[in-house]
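I wanted to record how the protein holds its ligand, beginning with where the ligand lies and going on to the individual contacts.

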Amino acid sequence: MAMDIFKITGPVRLDGTVTIGNSKNAALPIMAATILAGGKNTLLGLPNLSDISIMCKLLEDMGCKTSADNGTISIDSAAIDKPFGDYETVRKMRAGICVLGPLLARCGKAEVSMPGGCAIGYRPVDIHLRGLQELGAKIELKNGYIVAHANGGLKGANIFLGGPFGSSVLATANIMSAAVLAKGKTIIESAACEPEVTDLANCLVKMGAKISGIGSPQLTIHGVKNLNPVEYAIIPDRIEAGTFMAAAVITKGKLKLKNCRLDHLMAVVDKLRSMNVAVDETQDGCEVSFNGHIQPTDITTLPYPGFPTDLQAQFMACLCLARGNSVITEKIFPDRFMHVAELSRMAANLRKEGPHVIISGVEKLIAAPVMASDLRASAALVVAALAAHGETIINRVYHIDRGYEKIEQKFNAVGAKIERQSI
Ligand code: EPZ
């Protein structure tokens, strides 16, 4: 793997227009769901990211034919001869687990490696397994693989999918994708309501699934015999949009975001407004502009429609420069604080107390060599570096590349000074 680094010179003021890409986290479960609709599916507007290629590889290994052309990916799932998800592929990406439900529904059996994913703390899969068991699957763990059988097919059930930290995004995706082909009626309680889950539900409906309550915590699904292949366009990436919003704030800049769904970012917009940031809706996005002093605020991450955990790190970067003290509480992944040590290297004043970080605003951030640790923590380091004085060097940029397409080109086009170097 190329070990690229970023050299970022700051401080800069961002000004201009950015076109946001479409959502990787919406795309991955939808790609997995094409397993359910035997035939040629066409997905439009996918970002060009390594996780998307990994999902293509996973689908190819089980017998699908995939091809990618400039954001359009076609997945021919007519023949699935090997319902298997290899360790080497699935360990690279948590969303690999999303093939489990669709494979079980289509083939009656599946064997999928326990997934990997970003280093943001322990991430169990018990909710996924419990949900599939309630649909009638027999599940064993063997040599690091989840081995599942549904002899006689899956059967609809009433399922509560809540866990210790609330709903689960990918477990909801998995169970909903399995239930659409199960016999009879399934009710999922405590379903995740994230826009990515809604996008999957809308795609399944287009395939012919019968789902009601989409977007709410109670989904009702009437199983159908089979589904038809579709052409489907993925939603814009709300987390990429939120990352650029944070960058506009920390650089006291003005960014117009195109292809941005403000209705998916209400908690974020509310927070921004309480920080004195102007956010105005435009025809296909919004304009974020900020001038003045960042107001300290408290942020608690919560399942949608609450403030997203995937923007916690980027907003922490902003609050490092607020006039006063702020508190961030992480309620989804209580150990997701890899960025705290790195931001501190840049002269931020942070104190971690369990799932809380107390942020005492400082006058300025100072450039330093830092390490990217996971996708969103690394995005936070880029945001901080835009405002930091001097040249920040970010190592292990491949973490950022997993979730942001051409991030340095997008930032440089609106006034950043980011140089990518291969070492
Ligand atoms: C999805 O992960 C996203 N990943 C994450 O994005 C995101 O941070 C997360 O949802 C929360 O919004 C993808 O979409 C590929 P969860 P997911 O199951 O579904 C606990 C990024 O940076 N839990 O909703 O895996 C879990 O430990 C990433 O783009 C169980 O206890 O997250 C956590 O505390 C990282 N048992 C909580 O639920 C389970 O079986 C919510 O996690 C499953 C989850």
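Entry 1, placement. I looked up which domains contribute to the shell around the ligand in this predicted model, and found that domain 1 (4–21 + 236–422) and domain 2 (24–233) both give residues to that shell, so the ligand lies between them. I then checked the pockets, and the ligand sits in the largest pocket.

Entry 2, the shell. I listed 24 residues around the ligand, of which Asp 126, Ser 168, Asp 310, Ile 332 and Arg 376 come nearest. Sorting the shell by residue class, I obtained 13 nonpolar, five polar and six charged residues.

Entry 3, helices. I asked myself which helices each supply at least two residues of the shell around the ligand. They are helix 5 (126–134), helix 6 (169–179) and helix 12 (375–387), and helix 5 gives the most, with three residues.

Entry 4, polar contacts. I went through the pairs that involve oxygen atoms of the ligand, taking the side chain before the backbone. A polar side-chain atom of Ser 168, one of the residues that come nearest, lies 2.6 Å from a ligand oxygen. For Val 169, I noted that a backbone N or O atom lies 2.7 Å from an oxygen atom of the ligand, while for Pro 124 a backbone N or O atom lies 3.2 Å from an oxygen atom of the ligand.

Entry 5, cover. After these contacts I looked up the accessible area, and the ligand has 830 Å² on its own, of which the protein covers 94%.

Key
Residues numbered from 1 in each chain as written. Predicted model: local features only at pLDDT ≥ 70, side-chain atom pairs only at ≥ 80, totals over all residues. Heavy atoms only, no water. Near = heavy atom within 4 Å. Polar contact = N/O pair within 3.5 Å; in protein donor to acceptor, adjacent residues only side chain to side chain. Areas by Shrake-Rupley, 256 points an atom, 1.4 Å probe, with all protein chains shown as cover. 1 Å grid on protein atoms, 1.4 Å probe; cavity = no way out; pocket = protein on both sides within 12 Å on 5 of 7 lines; lining within 4 Å. Sits in = over half its atoms within 2 Å of the grid points. Helix = DSSP H or I, 4+ residues; strand = E, 2+ residues; numbered from the N terminus. Nonpolar A, V, L, I, M, F, W, Y, C, P; charged D, E, K, R; others polar. Domains from an automatic or database assignment.
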